[in-house]
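Hi everyone, thanks for coming. I'd like to walk you through one structure today, so please have a look at the screen.

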Amino acid sequence: MTGQLRHMLRDDDVSHDEQLEILELGMRFRENRLFSRPFEGPQAVAVLFDKPSTRTRSSFSIGVAELGGYPLIIDKGGSQLGRGEPVADTARVLTRMTSAIVWRTFGQERVEEMARYATVPVVNALTDQFHPCQVLADFLTIAQHRGGVSELAGKTIAYLGDSANNMANSYLLAGATAGMHVRIAGPYGYLPDPAIVADAEAIAKSNGGSILVTTDAEEAVRSADCIFTDTWVSMGEESQYATRSKPFWKYQVNDHLMGLAAKDALFQHCLPAYRGKEVTSTVIDGPQSVVWDEAENRLHAQKALLTWLIAQQREDPSLLHA
Ligand code: CP
Ligand code: NVA
């Protein structure tokens, strides 16, 4: 391959302009699901799961097939990775047979190691630290409802709840990349890693955005254009269920907090949602909620991302403008 091998391991692996290009492509896939077929051949994309999934599994399986490829879905229990085969050896094998590797796993260092040994693009399909595919879909959803991708820069987004989790980190980095004003609100003990906040601040500065991390939910949502939340108990944290519920009640997205946001503010949730916990049913099932568009946009955004990564590697811009 003469082109550039690129990966999507965390949201700031792409620049402002590259993120826009991927999202524009996502909009085109929304209009025409067979817009570009980079895997015609067909070629396989390995999609590995060390954690459960409904949306990521279905959107990557269907998306790869629609791109003309073959999705090879491998669950933890069905691979040697689950029995301790090194990540590097798995990368060396899969890279010989596939056009891309998509992986949902625990530590971020695992996808980084996969990328070190792979000679095909590696995509993070959620780690404990980041969920970049989800946030591409979330921004596509704002673009869908607010007049296109060019409207993203300058928007104010607010995320409430567990602010030390993968979604909070991804909103910080992806929002900063997009030139948004990103507000993150959660209780003490569940605020983002200062190193990630510092990265986000530096990126936001160069794109005209800003970062606010606060324990004040009302300050975060005031006049915001889009409100996000996520479960208070992420995958792998189930044993902490009792202790984790208590500190988050002030951050439940309810009618009062939605009322402080911009009048036409959107509500998004990556799902699965726990009604009565991080969000009330009046909000998630109400008129400002766009969560089903958001779930559908996983398909379009990830097809765009895979197509873009393949276009970089093949040095074939025609895949982006077919
Ligand atoms: N939002 C999301 O990633 O959903 P799944 O866990 O169902 O894939
Ligand atoms: N923070 C959640 C996101 C689920 C898509 C988790 O990691 O379980």
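I'll start with the overall fold, then go to the domains, the ligands, one helix and one glycine.

Before anything else, please keep in mind that this is a predicted model. The protein chain has 12 helices and 9 strands. Its radius of gyration is 19 Å, close to the 20 Å that the globule rule gives for 322 residues, so the chain is as compact as a globular protein of that length. If you like to think in boxes, the C-alpha atoms of the protein chain fill one of roughly 55 × 45 × 35 Å along the principal axes. Of the 322 residues, 51% count as buried. And if you take contacts between residues at least 6 apart in sequence, 75% of them join residues at least 24 apart.

Now the domains. The domain assignment gives domain 1, which is 11-130 + 298-320, and domain 2, which is 133-294. Between their C-alpha centres there are 24 Å. The contact involves 29 residues of domain 1 and 23 residues of domain 2. On the domain 1 side, helices α1 (16-31), α2 (55-66) and α12 (291-314) each supply at least two of the residues that touch domain 2. Which of them gives the most to that side? That would be α1, with 9 residues. Sorted by class, the domain 1 side of the contact has 13 nonpolar, 8 polar and 8 charged residues.

On to the ligands. Which residues are found around ligand 1? They are S53, T54, R55, T56, L126, Q134, C270 and L271. By class, this shell has 3 nonpolar, 4 polar and 1 charged residues. What I'd point out to you here is that domain 1 and domain 2 each contribute at least three residues to the shell around ligand 1.

For ligand 2, the surrounding residues are L126, N165, N166, M167, D230, T231, S234, M235 and C270. That shell divides into 4 nonpolar, 4 polar and 1 charged residues. If you go back and forth between the two lists, you'll find L126 and C270 around ligand 1, and you'll find L126 and C270 around ligand 2 as well.

Let me zoom in on one helix, α4, which covers residues 108-117. Buried in this helix are V111, M114 and A115. Why do they sit on the same side of α4? Because they cover an arc of only 95° around the helix axis. The general background is that an α-helix has 3.6 residues a turn, so residues three or four places apart point the same way. The face of α4 turned away from the buried side carries E109 and R116, which are exposed. As for what covers the buried residues of α4, that includes α3 (87-97), β3 (98-104) and β4 (122-124).

Last stop: G175, which lies in helix α6, residues 166-178. Is G175 buried or exposed? G175 has 32 other C-beta atoms within 10 Å, and since 20 or more is the cut-off, it counts as buried. Leaving out residues up to four places away in sequence, G175 touches I157, M180, V182 and G209. If you want a distance to check on your own screen, try the C-alpha atoms of G175 and P121: these two residues are 54 apart along the chain, and the separation is 23 Å.

That's my tour, and I'm happy to take questions.

How values were computed
Residues are numbered from 1 along each chain as its sequence is written. Chains are lettered from A and ligands numbered from 1 in the order in which they are written. This is a predicted model: local features need pLDDT of at least 70, side-chain atom pairs count only at pLDDT 80 or more; totals for chains, interfaces and linings use all residues. A residue is near a molecule or strand if its C-beta atom, placed from the backbone, lies within 6 Å of it. Ala, Val, Leu, Ile, Met, Phe, Trp, Tyr, Cys and Pro count as nonpolar, Asp, Glu, Lys and Arg as charged, and the others, Gly among them, as polar. Domain bounds come from an automatic or database domain assignment. A residue is buried if 20 or more other C-beta atoms lie within 10 Å of its own, exposed if 12 or fewer, and partly exposed in between; C-beta atoms are placed from the backbone. Helices (H or I, at least four residues) and strands (E, at least two) are DSSP runs, numbered from the N terminus. The arc is that of the directions from the helix axis to the C-beta atoms. Two residues are in contact if their C-beta atoms, placed from the backbone, lie within 7 Å. The radius of gyration is taken over C-alpha atoms; the globule rule is 2.2 Å times the number of residues to the power 0.38.
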